[in-house]
Amino acid sequence: MHRGAVSLTPDEAAGHFVRPFMATVYGIDAPVSSSYTQELLGWSPTHPTLLDDLEHGDYLVTPTS
């Protein structure tokens, strides 16, 4: 039976996952940024952000024939 997402303490998480190492990996707070990629490749995003695209995009609309 699927219970959905639940909150676990670190000790509970270590017992929940098959390998305690994975509980540590999943618990890491690892914020990311594209600034390094932009600087390295000389790249600058020109399209809408993912959230803007999901909110305003029409790619989920079924085309009519």
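These questions and answers walk through a predicted model of one protein chain.

Q: How many helices and how many strands are in the protein chain?
A: Read the elements from the N terminus on. They run α-α-α-α. No strand interrupts that order, as the chain has zero strands. The count is four helices and zero strands.

Q: Which helix has the highest confidence, and which the lowest?
A: Start with the whole chain. Its mean pLDDT is 79, and 91% of its residues reach 70 or more. Where pLDDT is low, the predicted coordinates should not be read in detail. Among the elements, the highest mean is 91, in α3, and the lowest is 75, in α2 (residues 20–26).

Q: What is the radius of gyration of the protein chain, set against a compact globule of 65 residues?
A: Look at the extent of the C-alpha trace. Along its principal axes it spans about 50 × 40 × 15 Å. A compact globule of 65 residues would have a radius of gyration near 11 Å. The protein chain has 20 Å.

Q: What percentage of the 65 residues is buried?
A: To count as buried, a residue needs under 20% relative accessible area. The chain as a whole exposes about 6,600 Å², and carbon and sulfur atoms supply 59% of that area. The buried share of the 65 residues is 3%.

Q: Is L41 buried or exposed?
A: L41 lies in helix α3, which covers residues 35–41. It also helps to make a nonpolar surface patch of about 510 Å², along with Y36, L40 and W43. The cut-off for exposed is over 50% relative accessible area. L41 has 61%, so it is exposed.

Q: Is T64 buried or exposed?
A: T64 sits in the segment after α4 (50–56). Exposed means over 50% relative accessible area. T64 has 78%, so it counts as exposed.

Q: What distance separates the C-alpha atoms of T64 and D29?
A: Take the sequence before the space. T64 belongs to the segment after α4. Along the chain, T64 and D29 are 35 residues apart. Their C-alpha atoms are separated by 44 Å.

Q: Where is P45, and what is its relative accessible area?
A: P45 is in the loop between α3 and α4. Partly exposed falls between the 20% and 50% cut-offs. P45 is therefore partly exposed, with a relative accessible area of 44%.

Q: How far apart in space are P45 and S34, C-alpha to C-alpha?
A: P45 belongs to the loop between α3 and α4. In sequence, P45 and S34 are 11 residues apart. In space, their C-alpha distance is 9.5 Å.

Q: How far apart in space are G4 and F21, C-alpha to C-alpha?
A: G4 is found in the segment before α1 (10–16). G4 is partly exposed, at 37% relative accessible area. In sequence, G4 and F21 are 17 residues apart. In space, their C-alpha distance is 22 Å.

Terms used
Residues are numbered from 1 along each chain as its sequence is written. This is a predicted model: local features need pLDDT of at least 70, side-chain atom pairs count only at pLDDT 80 or more; totals for chains, interfaces and linings use all residues. Side-chain values use heavy atoms; hydrogens and water are left out. Patches are made of residues with over 30% relative accessible area and no salt bridge: like charges are joined within 9 Å, nonpolar side chains (Val, Leu, Ile, Met, Phe, Trp, Tyr) within 5 Å. Accessible areas come from the Shrake-Rupley method with a 1.4 Å probe; for residues, only the protein chains shown count as cover. A salt bridge is a side-chain nitrogen of Lys or Arg within 4 Å of a carboxyl oxygen of Asp or Glu. Helices (H or I, at least four residues) and strands (E, at least two) are DSSP runs, numbered from the N terminus. Buried means under 20% relative accessible area, exposed over 50%, partly exposed in between (1.4 Å probe, protein chains only). The radius of gyration is taken over C-alpha atoms; the globule rule is 2.2 Å times the number of residues to the power 0.38. pLDDT is the predictor's confidence in each residue, from 0 to 100.
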